[in-house]
Amino acid sequence: MELSSVLGTTFQNHIFAPPLLSSFHIIPSLSLTSPRASNSNLTSTTSRTATPIKESNPTRPHSKSYLQRKFAIVEVQQASDLNSSLQSFGGILKPQDFNVIIRNFGKLGKWHHLSQVFDWMQQHGKTNGSSYSTYIKIMGKRLSPVKALEIYNSIPDESTRTNAFICNSLLSCLVRNGKWESIIKLFNKMKQDGLTPDSVTYNTLLAGCIKTKHGHSKAVELINELKYNGLQMDNVMYGTLLAVCASNGLREEAQNYFNQMREEGLSPNLYHYSSLLNAYSYEGNYHKADELMEEIKSSGLVPNKVILTTLLKVYVRGGLFEKSRKFLAELEALGYAEDEMPYCLLMDGFSKAGHLDEARSVFIEIQEKCVKSDGYSHSIMISALCRSGLFEEAKKLAQDFEAKYNKYDLVMLNTMLCAYCRAGEMESVMQTMKKMDELAISPDYNTFHILIKYFCKEKLYLLAYRTMEDMHGKGYHPEEV
């Protein structure tokens, strides 16, 4: 498995992901709020006049219905039998009360309880606009695109379905799960139904372009549309656009957007600089990277972990391995190499340059220094071994990962599949596929590509055909394999 996929789905997302504006807000037209009178003016007036003003009693007791609802909220949140509690107290609770409950379950990570309460809300007509945006927002990646769409389509009121907050929450959920064509199709349908896209909508869609094939051209279409609708580019949009360019290796375009942003009077921050630096890394342009570092320092900004890790990436991509080694030591001294990613960058550079022994030495160094690892160093090393034809060693390392770690993601599972397929370990291949099903991890294009290639090699043509059909059902095109 190439590190480019690791960086695309993990490092780039966590470190270079654009600071999207939150699409979760209270919806004024759809949520019930109680106006609060401020006593500050009354207090100041009292201090200036001789006539005493009677202030409202801050300890005035709440109404009986309010206290009942407050008690019911606590009972539902702490219930050992949630269904029974909902039956007993759900009737007196209002939609905004249920929204408090699902937010609380979200904070506690009680996803099953959260979904159970939301289903009950829908069945008993206890939802408002905020309920839908809140649920979709909180569930995030745990909510499948199919389920998110099902919830959205179940909204009875058309004006609620075209509310920007709800649409933004849904689009954000779909963007995290990919399938760009489906996202744009839905976005166009929303607009036809009456949605007026706002800046959050476009920022959400622009973020989707980062991991999308030909993402830059799609981003340009969105930029043209938002300008046509009277919206202006802001710092967040430019930051996302720079990240799109970086992910597509478009250094010149990134530089042009960076210059354009400054010409419009917008000041770049560390995120903008890190994205531009990441664009330089695509071709290993360390001369430009060093110049940009001087500009960052002269602007008064202090390079952070993101910037310095990206600079290491530039040096590695530029083939400056000795300098990369020394710079990694500097990151260690600064406390910026506590996790495995800087080491992974160097490992990947060594392995792709054909320096397997050097890559292996970095991998051993990670183990000896007890560097915090999520398993990506294993993924890179397994890929390096497969690239060098050392399939048995790759298989053993994959088995070592399974024994050592109890967490998986799509990148690691694809890497393990590749190792087992290259080693001809059919039983391990099937076990890995079963694990993907058990963990509800959806296969991507790489998964199908690995499996179809393996099944054809083993002359299991029926399995290859069925896998291709499954791939088509998931929205991927067989002709790409």
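Let me begin with the cysteines: the structure holds zero disulfides, where a disulfide is a pair of cysteine sulfur atoms within 2.5 Å. I should say at once that this is a predicted model, in which local features need pLDDT of at least 70 and side-chain atom pairs count only at pLDDT 80 or more, while totals for chains, interfaces and linings use all residues. Residues are numbered from 1 along each chain as its sequence is written, and side-chain values use heavy atoms, with hydrogens and water left out.

Staying with the cysteines for a moment, Cys209 counts as buried because its relative accessibility is 0%, whereas Cys370 is exposed, with a relative accessible area of 68%; buried means under 20% relative accessible area, exposed over 50%, and partly exposed in between, with a 1.4 Å probe and protein chains only.

Now to the interior. The largest nonpolar core has 126 residues, and Val117 and Leu277 have the most contacts inside it; such a core is a set of buried Ala, Val, Leu, Ile, Met, Phe, Trp, Tyr and Cys residues joined through side-chain atoms within 4.5 Å. Helix 24, residues 410–423, gives the most to this core, with nine residues; helices here are DSSP runs of H or I, at least four residues long, numbered from the N terminus. Setting aside residues up to four places away in sequence, Val117 touches Leu82, Leu86, Phe98, Ile101, Ile102 and Phe105, contact meaning heavy atoms within 4.5 Å.

Two of those partners lead us to helix 4, residues 82–89, where Leu82, Ser85 and Leu86 are buried. Seen down the helix axis, these buried residues fall within an arc of 100 degrees, so they line one face of helix 4, the arc being that of the directions from the axis to the C-beta atoms. They pack against helix 3 (64–77), helix 5 (95–108) and helix 6 (111–123), while on the other side Gln87 and Ser88 are exposed.

Finally, helix 18, residues 305–317: ten of its 13 residues are buried, so this helix is largely enclosed by the rest of the structure. At its N-terminal end, Asn304 acts as a cap, with a side-chain oxygen 3.2 Å from the backbone nitrogen of Val306, and the helix is followed by Gly319, whose phi is positive, near 80 degrees. Within helix 18, Leu308 counts as buried at 11% relative accessibility. Beyond its neighbours within four places in sequence, Leu308 is in contact with Met293, Pro303, Phe327, Leu331, Leu334 and Tyr336.

Notes. Helices (H or I, at least four residues) and strands (E, at least two) are DSSP runs, numbered from the N terminus. A polar contact is a pair of N or O atoms within 3.5 Å; within protein, one must be able to donate a hydrogen and the other to accept it, and residues adjacent in sequence count only if both atoms are side-chain atoms.
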